[in-house]
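Work through the exercises below with the sequence and the model at hand. Each task is followed by a solution in steps.

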Amino acid sequence: MRHVHFPAQRVARAAHETLVPARRIGDKARWYRPAAIAADFFGAAVPVGLVFDAAQQVRPVYCALAAAVAWTGIQALRRRYATRALGESRGVLPVLHDWLILIGVLAVARVVTEEDTPRLSALGALLPALLITVACHKLTYRHLSAARREAQAVSRVLVIGEPDAAEDVIAHLAARTDHPYVVVGVVPVGTGPLASGVPVAARLDADAPEAPGVDSAAVLGAVLSHHADLVLVAPGVRITGERLRRVAWALHDAGLELAVFPGLVEVSVKRLETLSAGGLAVLRVAPPVSRGVQTLLKSVLDRVGAAAGLLLLSPFFLGIVLAIRFGSRGPAFYRQRRIGRDGVPFVMWKFRTMVVDADARKAELAGSNENDGLMFKMRRDPRVTRVGRLLRRTSLDELPQLVNVLIGDMSLVGPRPPLPEEVAQYDEVELRRLTVRPGMTGLWQISGRSDLSWDETIQLDLQYVDNWSFTSDVDVMGRTLRAVVDGRGAY
């Protein structure tokens with residue numbers, strides 16, 4: 001019996017034979033996986049072996065090997081060594097989660113084997129595994145980020161969609177470097193101009209073609225000619241479910257990946273859930289967290305953290321006050337009217353870093369504003385005092401805001417508190433950042449501060465508002481220390 005192949009099937013087979021042997025492991029450096037496995041294995045084995053030997057445990061080598069195998073095994077089962085995960089930023093909390101699983105597994109093994117090393121010593125022996133794994137992730141993440149800024153270690157993407165929708169996706173991906181996608185071609189559906197400059201790899205008819213496989217053959221031909229790794233479909237009325245299914249069949253037969261952009265922007269994957277309803281694939285988007293245990297924990301953390309900070313730092317505050325008073329005339333503290341949650345104004349406290357008539361001189365410096373939005377920022381603002389420059393560089397000028405946190409005007413983590421004149425020019429999108437309390441630190445502070453554009457600042461604030469969780473606050477506070485030490489964008 002003679003087999004009949006549609007044009008798309010023939011192209012799919014050719015594409016599979018051409019592309020699959022040449023597939024790269026995500027274009028990532030080959031040392032990522034062995035470095036991660038070695039760091040996890042020896043990061044657990046060596047400290048456990050040394051501590052258990054010092055504690056005169058009978059079988060320290062076996063215990064060290066058991067801890068190392070358990071730690072690498074947990075990481076492997078949770079797919080931390082998968083190509084997609086290697087080098088990607090996961091923060092401290094996922095690693096801490098894995099580490100707590102390790103503690104539970106070894107606690108059970110301890111009971112079964114009747115191992116008698118003191119509990120605190122055993123726990124201390126496992127702590128380096130957590131720290132070394134986090135350090136290894138930071139190293140690979142920095143290396144991968146640097147490579148992507150140079151257009152290396154990227155996935156070549158072919159975008160399919162109606163011209164306007166495709167252009168929006170291309171512009172969004174081009175504006176950011178915190179992802180692996182580089183658009184190498186576009187397949188517009190229907191007629192229409194394209195201004196992005198991305199090569200048009202093929203063009204599909206506005207209406208689904210009557211001949212089976214026409215779309216699929218065109219898309220596969222575009223993939224072959226532009227050596228794409230991934231096909232990304234932008235939503236549109238011309239891309240029906242049946243049309244998309246046929247293209248997906250052809251791509252998957254060729255060993256290629258298909259991704260569909262649902263039109264959502266800055267929505268955390270934690271809020272997304274895939275469902276099936278009568279054979280239809282449905283994407284459920286959970287609402288942002290606004291009540292419940294997590295909000296209670298945030299409130300407790302804010303009040304307790306602010307009270308503890310004020311108590312512990314009070315002697316340090318005295319030293320800063322004296323330095324400011326001796327450095328320039330005027331009060332040590334600076335009060336400024338800011339806009340808080342739901343547009344309610346409040347008085348924000350800071351250590352004074354500028355001359356006393358700084359606000360009056362702001363108008364004459366308006367032409368020197370280096371920010372492209374509503375904020376006023378200058379790298380070398382002549383109003384900043386010598387002591388103030390040091391306080392800004394180290395973010396110590398923000399510490400009096402602990403008083404604002406304690407009384408409930410601010411939070412430890414949240415969007416930057418805006419000025420009234422900025423809020424007066426907000427549009428509907430920008431006003432959404434006022435639905436939560438402003439924070440002493442936040443995504444803006446740990447992502448570059450004043451070096452960011454206005455659009456990037458708003459984008460980060462909205463990302464926080466829509467995707468907030470208690471664990472994300474803890475992660476931001478952990479990353480704040482590094483941002484303070486780095487000092488990037490603090491002026």
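**Exercise 1. Leu130**

Task: In this predicted model, find the helix that holds Leu130, decide whether Leu130 is buried or exposed, and list its contacts beyond its neighbours within four places in sequence.

Solution.
- Step 1. Locate the residue: Leu130 is part of helix H5.
- Step 2. Read the accessibility. The relative accessible area of Leu130 is 10%. The cut-off for buried is under 20%, so Leu130 is buried.
- Step 3. Set aside the neighbours within four places in sequence; Leu130 is then in contact with Val95, Leu96 and Trp99.
- Step 4. Take one of these, Val95, and compare sequence with space. Leu130 and Val95 are 35 residues apart in sequence, while their C-alpha atoms are 7.0 Å apart.

**Exercise 2. Two prolines**

Task: State where Pro94 and Pro118 lie, and classify the accessibility of Pro94 and of Pro118.

Solution.
- Step 1. Pro94 belongs to helix H4, which covers residues 92-113.
- Step 2. Pro118 sits in the loop that runs between H4 and helix H5 (119-149).
- Step 3. A residue is partly exposed when it falls between the cut-offs of 20% and 50%. Pro94 has 24% relative accessibility and therefore counts as partly exposed. Pro118 has a relative accessible area of 46%, so Pro118 is partly exposed.
- Step 4. Add a distance for each. From Pro94 to Arg80, 14 residues away along the chain, the C-alpha separation is 10.0 Å. From Pro118 to Gln57, 61 residues away in sequence, the C-alpha distance is 10.0 Å.

**Exercise 3. The hairpin of E7 and E8**

Task: Describe how strands E7 and E8 are joined, and find which residue of their hairpin takes a positive phi.

Solution.
- Step 1. Strand E7 spans residues 333-339 and strand E8 spans residues 345-351; the two run antiparallel and are joined by seven bridges.
- Step 2. Pick out pairs across the strands. Arg338 faces Phe346 in E8, and Ile339 has Pro345 as its bridge partner there.
- Step 3. Turn to the link. Five residues lie between the strands of this hairpin, and Asp342 has a positive phi near 60 degrees.
- Step 4. Put that angle in context. Most residues other than glycine have a negative phi. Asp342 is a residue other than glycine, yet its phi is positive.
- Step 5. Check the surroundings. Asp342 is in the loop between E7 and E8, and its relative accessibility of 61% is over the cut-off, so Asp342 counts as exposed.

**Exercise 4. Ser395**

Task: Give the phi of Ser395 and say whether this residue is buried or exposed.

Solution.
- Step 1. Ser395 has a phi near 65 degrees, which is positive although the residue is not glycine.
- Step 2. Ser395 is found in the loop between helix H11 (386-394) and helix H12 (401-407).
- Step 3. With 15% relative accessibility, Ser395 counts as buried.

**Exercise 5. The hairpin of E5 and E6**

Task: Count the bridges between E5 and E6 and identify the glycine in the turn.

Solution.
- Step 1. Strand E5 (residues 272-277) and strand E6 (residues 280-285) run antiparallel, with six bridges joining them.
- Step 2. One of the facing pairs is Ser276 with Ala281 in E6.
- Step 3. The hairpin has two residues between its strands, and Gly278 in the turn has a positive phi of about 60 degrees.

**Exercise 6. A cavity**

Task: Give the volume of the second largest cavity and sort its lining residues by character.

Solution.
- Step 1. The structure has three cavities of 30 Å³ or more. The second largest holds about 70 Å³ of space.
- Step 2. Its lining consists of Ile160, Val189, Leu204, Asp215, Val233, Ile239, Arg243, Leu244 and Val247.
- Step 3. Sorting this lining gives seven nonpolar residues, no polar ones and two charged ones.
- Step 4. Helix H8 (residues 241-253) contributes the most to the lining, with three residues.

**Exercise 7. The whole protein**

Task: Summarise the protein by its helices and strands, its buried share and its accessible surface.

Solution.
- Step 1. The protein has 17 helices and ten strands.
- Step 2. It has 491 residues, of which 42% count as buried.
- Step 3. The accessible surface is about 26,900 Å², and carbon and sulfur atoms make up 60% of it.
- Step 4. Among contacts with a separation of 6 or more, 71% are between residues 24 or more positions apart.

How values were computed
Residues numbered from 1 in each chain as written. Predicted model: local features only at pLDDT ≥ 70, side-chain atom pairs only at ≥ 80, totals over all residues. Heavy atoms only, no water. 1 Å grid on protein atoms, 1.4 Å probe; cavity = no way out; pocket = protein on both sides within 12 Å on 5 of 7 lines; lining within 4 Å. Points joined across faces, edges and corners; volume = space filled by probe spheres on them. Helix = DSSP H or I, 4+ residues; strand = E, 2+ residues; numbered from the N terminus. Nonpolar A, V, L, I, M, F, W, Y, C, P; charged D, E, K, R; others polar. Buried < 20%, exposed > 50% of the residue type's maximum accessible area, 1.4 Å probe, protein only. Contact = heavy atoms within 4.5 Å. Areas by Shrake-Rupley, 256 points an atom, 1.4 Å probe, with all protein chains shown as cover. Pairing = 2+ DSSP bridges.
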